[in-house]
Amino acid sequence: MSNNLLAGKVGIISGALDEKSIAWKVALKAHAEGARFVLTNAPLAMRMGEINKLAEQCEALIIPADATSMEDLEKLFSGAQEHLGGKLDFVLHSIGMSTNIRKGKHYGELNYEWFQKTLDVSALSFHKMLAVAEKLDAMNEWGSVVALSYIAAQRVFPDYTDMSQAKAVLESIARNYGYRFGKLKKVRVNTISQSPTKTTAGTGVGGFDAFYDYADKMSPLGNAPAEACADYCISLFSDLTRYVTMQNLLHDGGFSSTGISEDIVETMTKLHS
Ligand SMILES: NC(=O)c1ccc[n+]([C@@H]2O[C@H](COP(=O)([O-])OP(=O)(O)OC[C@H]3O[C@@H](n4cnc5c(N)ncnc54)[C@H](O)[C@@H]3O)[C@@H](O)[C@H]2O)c1
């Protein structure tokens with residue numbers, strides 16, 4: 001169902017790798033809500049070719065960019081403005097990668113070069129996007145920038161290793177740049193802290209199936225699906241949330257406020273009987 005919430009709005013959506021990606025769903029919904037946008041991803045991810053299908057469906061241009069490269073980001077933001085015919089109303093940062101997680105390194109044996117790469121790709125890239133948008137004066141007043149986070153920024157999930165620090169930095173950047181961009185251009189900046197979701201990045205984390213099920217059982221509404229996360233992104237890009245900024249918004253079915261649930265009690269009781 002479309003409500004034309006983004007009619008006339010233009011933006012950039014990063015991170016759509018395949019149909020499971022949260023950004024993929026955001027793109028489909030943004031298109032249905034009347035937005036025009038540019039899709040972007042790392043040149044390496046592009047070679048998998050999947051994104052072309054999405055671009056066709058959404059009538060979107062693709063501009064490849066490594067989100068750690070200021071040069072690539074400048075080309076992305078200026079190319080997007082040129083293609084879309086003016087300044088931007090929304091930007092989605094949906095980017096995360098940890099080689100330490102991919103290689104199964106535990107927290108005590110992290111490779112520090114990879115750790116720095118994790119921070120650069122998954123957190124500093126958000127600052128870089130915002131800094132490029134500011135430098136090129138690429139955002140319209142009352143524009144909205146959203147990045148995706150995870151509750152491991154506040155609580156310990158042992159297998160999430162260095163991504164926990166990346167998410168803490170990401171959320172801090174949303175607050176600090178949100179202040180700056182609010183003052184400068186009335187642009188709002190937020191992070192959405194999403195439930196575990198079955199995507200390439202998500203399922204790469206060790207023990208994913210167990211903590212997916214655990215979070216599902218702990219959340220009174222169950223885990224929030226990727227489609228619902230996309231709906232939340234659309235609401236934040238829309239004019240209905242103009243005064244929401246500098247927030248980390250929990251989109252987790254109630255997980256973060258729940259101490260224990262009957263489901264978990266039942267599971268534990270069975271173990272003890
Ligand atoms: N899946 C989950 O359980 C979950 C939960 C909370 C938050 N998130 C966050 O949601 C965001 C999107 O992840 P997803 O779950 O849709 O998985 P995904 O694997 O589909 O998306 C991650 C994207 O990051 C892109 N990327 C990696 N390095 C890049 C670089 N250098 N430059 C540009 N792009 C790069 C990848 O190509 C990919 O498209 C991430 O920030 C992730 O941490 C995911």
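This is a short dialogue on reading helices, packing and single residues in a predicted model.

User: Let's begin with one helix. How many residues does H10 have, and what does it span?

Analyst: Helix H10 runs over residues 226–237, so to speak a stretch of 12 residues. From its first C-alpha to its last it reaches 17 Å, close to the 16 Å expected at 1.5 Å a residue.

User: Which residues of H10 are buried?

Analyst: Here's the general idea to keep in mind. An α-helix has 3.6 residues a turn, so residues three or four places apart point the same way. Now the case at hand: the buried residues in H10 are Ala226, Cys229, Ala230, Cys233, Ile234, Leu236 and Phe237. They sit on the same side of H10, because the arc they cover around the axis is only 160°.

User: And what do those buried residues pack against?

Analyst: Mostly strands are on the list, so let me just read it out: E1 (10–14), E4 (88–93), E5 (139–149), E6 (188–194) and E7 (248–251), along with helix H1 (22–32).User: H1 has turned up there. How do I read its packing with H3?

Analyst: Two packed helices are described by the angle between their axes and the distance between the axes. For H1 and helix H3 (residues 50–58), the angle is about 15° and the axes are 10 Å apart. That angle is under 35 degrees, which makes H1 roughly parallel to H3. The crossing is right-handed.

User: Which residues of H1 and H3 meet?

Analyst: On the H1 side you'll find Trp24, Ala27, Leu28 and His31, and they meet Leu54, Gln57 and Cys58 in H3.

User: Let's try another pair. At what angle do H6 and H7 cross?

Analyst: Roughly 10°, with the axes of H6 and helix H7 (residues 161–185) coming within 8 Å. H6 and H7 are therefore roughly parallel to each other. The contact includes Phe115, Leu119, Phe126 and Leu130 of H6, and on the H7 side Met163, Leu170, Ile173 and Phe181 are among the residues involved.

User: What does H7 span, end to end?

Analyst: H7 has 25 residues, and its first and last C-alpha atoms are 36 Å apart, close to the 36 Å expected at 1.5 Å a residue. Just after H7 comes Lys186, with a positive phi of about 60°.

User: How does H4 pack with H6?

Analyst: Helix H4 (residues 70–84) packs on H6 at an angle of about 50°, and their axes are 10 Å apart. That makes H4 oblique to H6. H4 passes H6 in a right-handed crossing. The residues making the contact are Met70, Leu73, Glu74 and Phe77 of H4, with Lys128, Met129, Val132 and Ala133 of H6.

User: Met129 is in that list. Is Met129 buried or exposed?

Analyst: The trick is to count C-beta atoms around the residue: 20 or more others within 10 Å means buried, 12 or fewer means exposed. Met129, whose place is in helix H6 (residues 112–135), has 28, so Met129 is buried. Setting aside residues up to four places away in sequence, Met129 touches Ala67, Leu73, Val91 and His93.

User: How far is Met129 from Gly259?

Analyst: Their C-alpha atoms are separated by 37 Å, and the two residues are 130 apart along the chain. Try Lys103 and Gly206 too: they are 103 residues apart in sequence and 9.8 Å apart in space, C-alpha to C-alpha.

User: Where is Lys103, and does Lys103 count as buried or exposed?

Analyst: Lys103 lies in the loop between helix H5 (99–102) and H6. With 11 C-beta neighbours inside 10 Å, Lys103 counts as exposed.

User: What about Glu171: buried or exposed?

Analyst: Glu171 is in helix H7, and with 23 other C-beta atoms within 10 Å, Glu171 is buried. Beyond its neighbours within four places in sequence, Glu171 is in contact with Ser149, Ala153, Thr191 and Asn248. Val189 is 18 residues from Glu171 in sequence and 9.8 Å away in space, C-alpha to C-alpha.

User: Back to backbone angles. What is phi of Asn4, and what is phi of Trp142?

Analyst: Phi of Asn4 is near 55°, a positive value in a residue other than glycine. Asn4 lies in the segment before E1, and Asn4 is exposed, with 11 other C-beta atoms within 10 Å. For Trp142, phi is near 65°, again positive in a residue other than glycine. Trp142 is found in strand E5 and is partly exposed, with 13 other C-beta atoms within 10 Å.

Conventions:
Residues are numbered from 1 along each chain as its sequence is written. This is a predicted model: local features need pLDDT of at least 70, side-chain atom pairs count only at pLDDT 80 or more; totals for chains, interfaces and linings use all residues. Helices (H or I, at least four residues) and strands (E, at least two) are DSSP runs, numbered from the N terminus. The expected span of a helix is 1.5 Å times one less than its number of residues. The arc is that of the directions from the helix axis to the C-beta atoms. Two residues are in contact if their C-beta atoms, placed from the backbone, lie within 7 Å. Axes are lines fitted to C-alpha atoms, for helices over the stretch in contact, and angles run from 0 to 180 degrees between N-to-C directions. Angles under 35 degrees count as roughly parallel, over 145 as roughly antiparallel, 65 to 115 as roughly perpendicular and the rest as oblique. A crossing is left-handed if the near helix is turned anticlockwise from the far one by less than a right angle, and right-handed if clockwise.
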